[in-house]
Amino acid sequence: MSQATAKRTSSRAHPADPCTVVIFGAAGDLTSRLVVPALYNMRRTGLLSDNFSVVGFNHGKMTDNAWRGSLHAALERYVGAGGRKLDEEAWGWLSAQMTYHAGDFDDLSAFHSLAGKLRDMERKRGTQGNVLFYLATPERFFGDVIEQLQKAGLVDDGGPDGRFWRRVIIEKPFGHDLPSARALNERILKVLREDQVYRIDHFLGKETVQNIMAFRFANGLFEPIWNRDRIDHVQITVAETVGVERRGSFYEQTGALRDMVPNHLFQLLAMVAMEPPSSFDAEAVRTRKAEVIEAIRPVQPEDAVRGQYGPGAVNGQLAASYRDEPDVAPDSVTETFVAMKLSIDTWRWSGVPFYLRTGKHMGRRTTEIAIRFKSAPFAPFRGTGMDAFGPDWLVLQIQPDEGISLQFDVKRPGPRVELAPVRMDFKYADWFRAEPNVGYETLLYDCMTGDATLFQRADMVEACWRAVQPILDEWAQRMPADFPNYASGSAGPASSDTLLAMGGRSWRPLNSSSEPLARKSARSKADAAPAVGSDAPRAATAKRAPAKKGRGAAAKTATPARKATATRKTASRRATGATPTAAKSASARKVAPAKTATRKTGGRRKPAGRPRAR
C-alpha cells in the first residue's frame, strides 16, 4: 500500500431494529466494562436505531442519575484509556435513553412493573415492542429470570412471524458439565424457542475471528491444501499474562478448562475445521460448525494436562502464586492452565492432531491459530548436504497484533545451498482504520437484527461438553499433587511439552511472534561459523525488515538482515531476541546447525553449486 493510499474504513451497515435492551445485572462489572461501552461505540458508528432505549434491572434501589453516573465513570476509565477523549455527545444521547429498574430476580411483581415500563418505552421512544433481554448475571440466575419473564408475559412475540420480537442473550458459562448444560437447555427451551436464544461468546465478536471463514472460503488458494494430505497438525493457543485478578471466587468454581475450552477454543477450532457451508445463512454456518464439534472424539485423560501458576515474573513484574490470590484457597487444586490433544473423526481431518492450550500468567499475551504443513519431498535436495527442511506455518493471529502470516523457506543468498526461513505478513492495522471496539458491538448488532451466525445452538453446547466430560470426570476424582507446577511468566508446565513431544512435535514458543526458536538457533549457529573463503564470521538475524514510516503493505517478506557481530554469543542473542538469561536457557536446547553442501574436487572441498537436475 503506497504512502498516499488511505486506510480502508470499516463497512457501514444500516442501523439495527428499534428496540429496548433490558440488562439484568445492571450494576455488575460486565455491564460497565463491556455491554454499555459496546452500546456507546455502536451509537458512535451509527449502528443503533434512533428509536432505542435501555433499562437496567438490578436489586438495590438506585436513581437513574446515580446509575448513569457510575456508568459514565466506568466509560471514562475503559474507553478513555490511552488518552482517548470520551465523545460526550454520543454518551449524552445514550444516557438520555437509559433508566434504572430496581427488583430481585425472584420477585414476580418486579417483572410485572418491568412490563409496564416497556410499554411506556414503546409509546415514548417508538421501540415497536422489540425487546432484547441481556442476562449479565451469574449462571445460577439464568433459569429463574427466564421463567419470571414468561410469568410476566414478556417473552411471547407471536412466533417467528410476529409483529415484534423478544430475544434473550445468555452469557457463559452455559452449564459446568454435560448434565448441567442439558438441564439448563431443557429448562430454557420450555419457555423460549431456539431462535429466541442467543448464547453469546465474546471471542466471536473479534474481527479476526470472523475473518477466518472469509479467509478460508473467499480464497480458492487454500481450500485444496486444507486437509489431512497437506497439514501435519494444528495448534490453537490462548495465552494470557493476567492472573485471575479479582475473580478468585468465580475462578475457584470454574477453572481454565470450563472457562475457556468448551466455548472460546472450540469455537476457534470449529471455524478452522468446518466444511464450506452452502451459504452464509446462520443455520447453514452453525450446522457446519456443529458437525465438527460433534466429530471431536471425547478427550481421554492421558491426552490432557493441567497446571497452576506459582510465583514468578510477568513482563518484568513480580507475580504472586495463584494460591496467594484473593478469595483463593491456600491449598487450591483449581487449574489455571490446560493443554490437550484432540482428534476430529471426519474424512478431511482423520489423523491430524489438534493441540489446544490456554493459561494465565503466561510469558506473553497471544491468541493464535497455527497450521503446520507437512514437509515437501526431500528428493530434489539429494547430494546438497542438507538433511531436513524447516516447518512451514500459516498463522492466524487473533490478538494482540491482528493479522495473518505465512512462513516458508527460501535459499539464502550466496554460493552455498542453504535454506533460510522468511515470513509474509498481513496486518489489519496496515490496511484498515481501527474502530473503537470491545468485542461485543457486532454480537449485539446481530442480536438486534436477528442474525444468529455467531451464536451457539443447544446441540453445539452439549457437544462441546461431551468432548471434555471424560477429563472433568477424571480430574474430579484424581487431585493433582504437584500444584503449583509452572512459574508465572513461563510457557506452562513441562508436561504440556511432553504432550507434543510424544508425537515428535513441539509448541510454537510464546516468546516468538513469527519463527520457532529452534530454527533461529540453528541458523545462528550456522552463521556464526566462518564461510568458505571468508575473512570474517557472519551472523544473520531473523528480524523482519521494518516497514517505512506511514507505509502499510498487504504482504511483506521478512528477509534476514545481515549484521556483523563481535562474538558468537552476541549473534545468538540477537537471533533469538532473548535477554542474557533467556539466551542461556535457549542455548541449553541442542539444535543441529544447518548443513552446508560441499563436494570433493581434486582432494579439496569446494562449495557445491545448485543441485543438478536429474
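In this predicted model, a convenient point of entry is Phe 24, which, once its neighbours within four places in sequence are left aside, is in contact with Phe 57, Phe 105, Phe 111, Leu 114, Phe 133, Tyr 134, Leu 135, Ala 136, Thr 137, Val 145 and Leu 149. Phe 24 also belongs to the largest nonpolar core, a set of 150 residues in which Phe 24, Phe 52, Leu 94, Phe 133, Met 340, Phe 354 and Met 448 touch the most other members. The element that gives the most to this core is helix H8, spanning residues 248-273, with 13 residues.

One of the contacts of Phe 24, namely Phe 105, leads on to an annotated site. According to UniProt, in an unreviewed entry, the annotation "binding site" covers Asp 104, Phe 105 and Lys 172; from this set, Lys 172 is taken into the lining of the largest cavity.

Asp 104 is placed in the loop between strand E3 (98-102) and helix H4 (108-125), and the place of Phe 105 is likewise in the loop between E3 and H4. Phe 105 counts as buried because its relative accessibility is 11%, which falls under the 20% limit, whereas Asp 104, at 39%, lies between that limit and the 50% above which a residue is exposed, and therefore counts as partly exposed.

The surroundings of these two residues can be followed in the same way, not counting residues up to four places away in sequence. Asp 104 touches Phe 57, His 59, Ala 110 and Phe 111, while Phe 105 touches Phe 24, Gly 25, Phe 57, Phe 111, Thr 137, Phe 141, Asp 144, Val 145 and Gln 148. Phe 57 and Phe 111 thus appear among the contacts of Asp 104, of Phe 105 and of Phe 24.

Terms used
Residues numbered from 1 in each chain as written. Predicted model: local features only at pLDDT ≥ 70, side-chain atom pairs only at ≥ 80, totals over all residues. Heavy atoms only, no water. UniProt positions renumbered as here; feature names shortened; annotations may be inferred. 1 Å grid on protein atoms, 1.4 Å probe; cavity = no way out; pocket = protein on both sides within 12 Å on 5 of 7 lines; lining within 4 Å. Helix = DSSP H or I, 4+ residues; strand = E, 2+ residues; numbered from the N terminus. Buried < 20%, exposed > 50% of the residue type's maximum accessible area, 1.4 Å probe, protein only. Contact = heavy atoms within 4.5 Å. Core = buried A, V, L, I, M, F, W, Y, C linked by side-chain atoms within 4.5 Å.
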